[in-house]
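Colleague: I should be grateful for a close look at a single part of this model. Please describe how its helices and strands are arranged against one another.

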Amino acid sequence: MYKLLSHNDLDGVSCGILAKLAFGSNVSVRYNSISGLNQEVEWFLENGDSSTFLFITDLSVNEENEQKLNEFYQTGGKVQLLDHHKTALHLNNYGWGHVAVEEEEGRLASATSLFYDYLLTHEHLAPSAVTAEFVELVRQYDTWEWEKFGNEKAKRLNALFFLLSIDEFEEKMITRLKTGDRFFFDEFEEKILDMEERKTERYIRRKRRELVQAPIENQFAGIVFAESYHSELGNELSKDCPHLDYIAIVNAGSKRISFRTAHDSVDVSQTAGFFGGGGHAKAAGCSLTADAFRQFVTETFNLEPLKEDAKRNRYNMKNNSFGSLYENRQEELFLLYPTQEQEWKIEYNRTTLPETFTSFLEGETFLKRRYSAWLVRDEVFVNYLMDSVRKAKAK
Ligand SMILES: [Mn+2]
């Protein structure tokens with residue numbers, strides 16, 4: 001008999017799907033949240049059948065269970081842990097641990113891709129084109145590589161996962177992988193996925209208008225309260241506000257915070273680690289502890305949301321050679337412009353600020369962090385220019 005303990009997200013559940021394809025009714029599968037796994041492992045070690053082969057995928061155990069699992073393994077127990085979170089890399093010290101962040105140079109691993117390789121190598125599963133395609137979609141989604149490749153199918157697979165119950169998703173996928181020769185969505189799924197996509201876009205737009213910003217522990221955070229679509233939301237907001245180091249998504253119901261960033265230079269697993277959580281460089285999370293609650297909720301609660309940049313401008317564009325105009329809530333105007341020395345400077349209230357910047361983005365980051373300013377509409381920009389001309393003539 002086999003037992004699989006896995007994560008309850010797309011990557012984790014896809015490990016369960018592969019296990020059921022490989023072992024059929026000889027495997028029992030349990031999906032867990034990050035915090036729920038340790039209890040399950042303890043239960044297995046105390047009450048489980050010691051001849052059962054235990055797999056743990058997409059999650060890692062605490063120190064106590066690490067020791068217990070090792071004793072279990074040393075005394076002949078069969079256990080294999082497969083994970084791709086870098087916070088679990090120390091488990092590679094054990095014969096039963098295999099943690100890889102990358103499969104090969106530049107190709108990120110997911111638990112599903114690692115487990116698929118394991119099942120093929122140990123001949124529990126025969127290679128199949130449709131399963132390989134499914135595994136690749138999950139891998140791309142879980143590692144965000146789908147964005148780089150523009151692979152919408154991977155994003156839609158995750159959306160479908162959230163539209164269905166885990167049982168329904170498992171059943172549909174297992175049938176599809178057993179019988180198909182290419183991975184596809186049926187007509188009905190395509191239709192509801194289209195609707196879901198539009199609904200997600202509206203949700204993100206609404207949440208963008210609620211975003212606040214604050215410096216927290218040496219980083220600059222964007223903070224939003226949301227229950228749904230954390231990955232998409234974090235990703236979109238982070239891209240929309242490049243001046244923020246990361247986006248913190250607070251879910252008071254589940255008492256958790258998700259951290260997301262689109263920056264390669266920021267590692268949110270460290271941010272999460274500071275608050276007792278963990279995860280990946282671009283996606284991590286922690287519990288809403290008293291300290292996290294104070295910093296992310298209490299101290300930001302009365303802040304005004306960050307206004308959006310004007311989107312449909314033709315003249316007041318970012319990176320303009322003659323300057324881009326910003327405004328703050330005090331109705332002060334800031335013109336960010338390049339100098340002949342290839343530097344960027346800011347004109348504020350018709351005087352020049354002492355700071356110089358090496359790039360437009362650096363200047364914009366300063367403006368947005370210090371003044372919560374946003375790019376104004378063309379109309380305001382044209383008036384500003386007309387006023388400048390008028391003042392120049394009057395001199
Ligand atoms: Mn994963």
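**A helix pair and a C-terminal sheet**

Modeller: In this predicted model, helix α4 (residues 111-121) and helix α5 (residues 129-143) have axes that come within 8 Å and cross at roughly 145 degrees. On the α4 side, T112, S113 and Y116 make the contact, and they meet V135, V138 and R139 of α5. Sorted by class, the contact of α4 with α5 comprises 3 nonpolar, 2 polar and 1 charged residues.

I turn next to the sheet. Residues 323-394 are covered by the UniProt annotation "domain: Oligoribonuclease NrnB C-terminal", which comes from an unreviewed entry. Over residues 323-394, helix accounts for 40% of the chain and strand for 26%, while the end C-alpha atoms lie 22 Å apart.

An open sheet is formed by 5 strands, in the order β17-β16-β15-β14-β18, with antiparallel pairing. The edges are occupied by β17 (351-352) and β18 (374-375); each has a single partner strand, so one side of each is left without a neighbour in the sheet. For β18, strand β14 (residues 324-327) pairs with it in the antiparallel sense over 2 bridges, and E327 stands opposite W374 in β18. Helix α13 (residues 360-371) packs on the sheet, where it touches β14, β15 (333-338) and β16 (344-348). The direction of α13 makes about 165 degrees with that of β15.

How values were computed: Residues are numbered from 1 along each chain as its sequence is written. This is a predicted model: local features need pLDDT of at least 70, side-chain atom pairs count only at pLDDT 80 or more; totals for chains, interfaces and linings use all residues. Two strands pair if DSSP finds at least two bridges between them. Helices (H or I, at least four residues) and strands (E, at least two) are DSSP runs, numbered from the N terminus. Two residues are in contact if their C-beta atoms, placed from the backbone, lie within 7 Å. Axes are lines fitted to C-alpha atoms, for helices over the stretch in contact, and angles run from 0 to 180 degrees between N-to-C directions. Ala, Val, Leu, Ile, Met, Phe, Trp, Tyr, Cys and Pro count as nonpolar, Asp, Glu, Lys and Arg as charged, and the others, Gly among them, as polar. UniProt positions are given in the numbering used here, feature names are shortened, and annotations may be inferred rather than shown by experiment.
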